[in-house]
Structure formats: C-alpha cells, structure tokens
Amino acid sequence: MKKLVLASNNAGKLREFSALLATVDFEVLPQAHFNVPEAEEPHGTFVENAIAKARHAAKLTGLPALADDSGICVEALGGAPGVYSARFAALGSNEPKSDARNNEKLIADLKDKRDRRAHYYCILVFVRHADDPQPIIAEGEWHGEIIDTPRGANGFGYDPYFWLPEFGCTAAELASEKKNAISHRGIALARLMERLTSRR
Ligand code: IMP
C-alpha cells in the first residue's frame, strides 16, 4: 500500500477518508503521526487554504498529501462565515473556538433577515508531492436553510440549525452514514475518488 498523509488530525475525517482511500491502495496517516504542526490558514478562500495545508504536509513528510477545507456560507451574510466558520464568534480575539457561540452569533446576525439560504462547502486537495503542478481538486456543496431553533443531536458545528427542506429535518437529525453520503464532504470525496481512479 502507498502511504498518504492527511493534513488534519480529526479522527472522524481520518476514519472516513481511510476507508475510501484504501480501495485505491492508499494507507492514510494523520499528519500528527509525522509530528507535522498545523499549517497556517491565512487565505480568504477555501481552495487557497487547502492547497497550503496539503503542500505543507507533503513538504514535511515527503509523501503525497490530502487536505480539506470546509465551512458554511450564508447568502444573506454575503457568504459569511465562510473560511472563518470554525472561529466565527471568536474572530479577532484570543477566545477558544466554540460551536455554541458560533451558532448564537449566526442566529443573531440573521435576526430580521428573511433570506435563510445557506450552503456547506468542502474542498479536497490531493498533491503527489509539495511542488505538484497539477493537484487534484474536488469540491462539494450542500444546500439548506438556517432555522432559529436547534434540532437534533448528531453531527457537529452548525448542523442543528441547518435545515434540509427535502428531508424535513436538520443535518443534526440525520444518521451519520446518511450525512456522510449526501453532504458537501461526501460529494467532494466521491469526486476525488473518481479523479484518483481515472488518473493515469
Ligand atoms: P474544518 O474545515 O473541518 O476546519 O471545518 C471548518 C468549520 O466549518 C467547522 O469548525 C464547522 O464550524 C464548519 N463545518 C464544516 N463542515 C461542517 C459540517 O458538516 N457540519 C457542521 N459544521 C461544519
């Protein structure tokens, strides 16, 4: 099996990515396994941050690398929180990130806004080495609406407020297998797999 470094230490992502990438003969190892420190994410777009993370991990390990970047974009807020989704409520301060405070801020910012459309976005970047001029880039979007009252206990982040009209529930009310199959990350992963298997 070929080794691949995942530019994340998130256990859930490691599990999900490992299972799929094993089918194309990659053994996925988290960057912590190689003592790779987290890369800076200074950019204003998801794709730039994901490329920076993948390149950083590949450079420090000498292995092919996979990075992801994701967040939620709300129409009435001009695409915010966007790349700042994880630290939305703590931006510009030293406070630790908090899903509860992020959601509180999101609902406050949307007070009096009638347009509740939002989408999750995920981008995956695979590089064969740090200077790969042709990274594989796969993206996924998952559309829904923001509601004011949370529902459901699954998922994480903004999921209890992310309403899916076609299912009549929030993302936090979906079983995790169902969410993984249809979410922004699921779509991006399926596209990445397609690209990896068709690359010669
Ligand atoms: P990261 O790309 O894993 O760092 O995620 C960035 C942030 O986007 C997370 O901390 C969440 O706030 C938000 N986010 C990304 N994907 C999801 C999701 O599937 N559900 C809920 N929140 C998400």
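User: How many residues surround the ligand, and which are the closest?

Analyst: 14 residues surround the ligand. Lys13, Ser70, Tyr120, Asp159 and Lys179 are the closest. A residue counts as near if one of its heavy atoms lies within 4 Å of the molecule. This is a predicted model: local features need pLDDT of at least 70, side-chain atom pairs count only at pLDDT 80 or more, and totals for chains, interfaces and linings use all residues. Residues are numbered from 1 along each chain as its sequence is written, and side-chain values use heavy atoms, with hydrogens and water left out.

User: What makes the pair between Ser70 and the ligand a polar contact?

Analyst: The term needs a pair of N or O atoms within 3.5 Å. A side-chain N or O atom of Ser70 is 2.8 Å from a ligand oxygen. That pair therefore qualifies. Tyr120 has a polar side-chain atom 3.3 Å from a ligand nitrogen. For Arg185 the distance to a ligand nitrogen is 3.0 Å. The protein buries 87% of the 480 Å² that the ligand exposes when taken alone. Those areas come from the Shrake-Rupley method with a 1.4 Å probe.

User: Why does Glu16 have no salt bridge?

Analyst: A salt bridge needs a side-chain nitrogen of Lys or Arg within 4 Å of a carboxyl oxygen of Asp or Glu. The nearest side chain of opposite charge, Arg185, is 5.4 Å away from Glu16. So the cut-off is not met. Glu16 is nonetheless buried, that is, under 20% relative accessible area. Glu16 sits in helix α1 (residues 11–22), a DSSP run of at least four residues in H or I.

User: Which residues is Glu16 in contact with, leaving aside neighbours within four places in sequence?

Analyst: Asn180, Arg185 and Leu189. Contact means heavy atoms within 4.5 Å.

User: Why is Asp25 called partly exposed, and Asn35 exposed?

Analyst: Exposed means over 50% relative accessible area; partly exposed lies between that and the buried limit. Asp25 has 39%, so it falls in between. Asn35 has 69%, so it counts as exposed.

User: What is phi at Asp25 and at Asn35?

Analyst: About 70° for Asp25, and near 60° for Asn35. Both values are positive, and neither residue is glycine. Most residues other than glycine have a negative phi. Asp25 lies in the loop between α1 and β2 (26–30). Asn35 lies in the loop between β2 and α2 (46–61).

User: How do you know that the bond from Ala80 to Pro81 is cis?

Analyst: Its omega is near 0°. Most peptide bonds are trans. Pro81 is in the loop between β3 (65–74) and α3 (99–109).

Terms used:
Helix = DSSP H or I, 4+ residues; strand = E, 2+ residues; numbered from the N terminus. Buried < 20%, exposed > 50% of the residue type's maximum accessible area, 1.4 Å probe, protein only. Lys, Arg positive; Asp, Glu negative; His and termini not counted. Polar contact = N/O pair within 3.5 Å; in protein donor to acceptor, adjacent residues only side chain to side chain.
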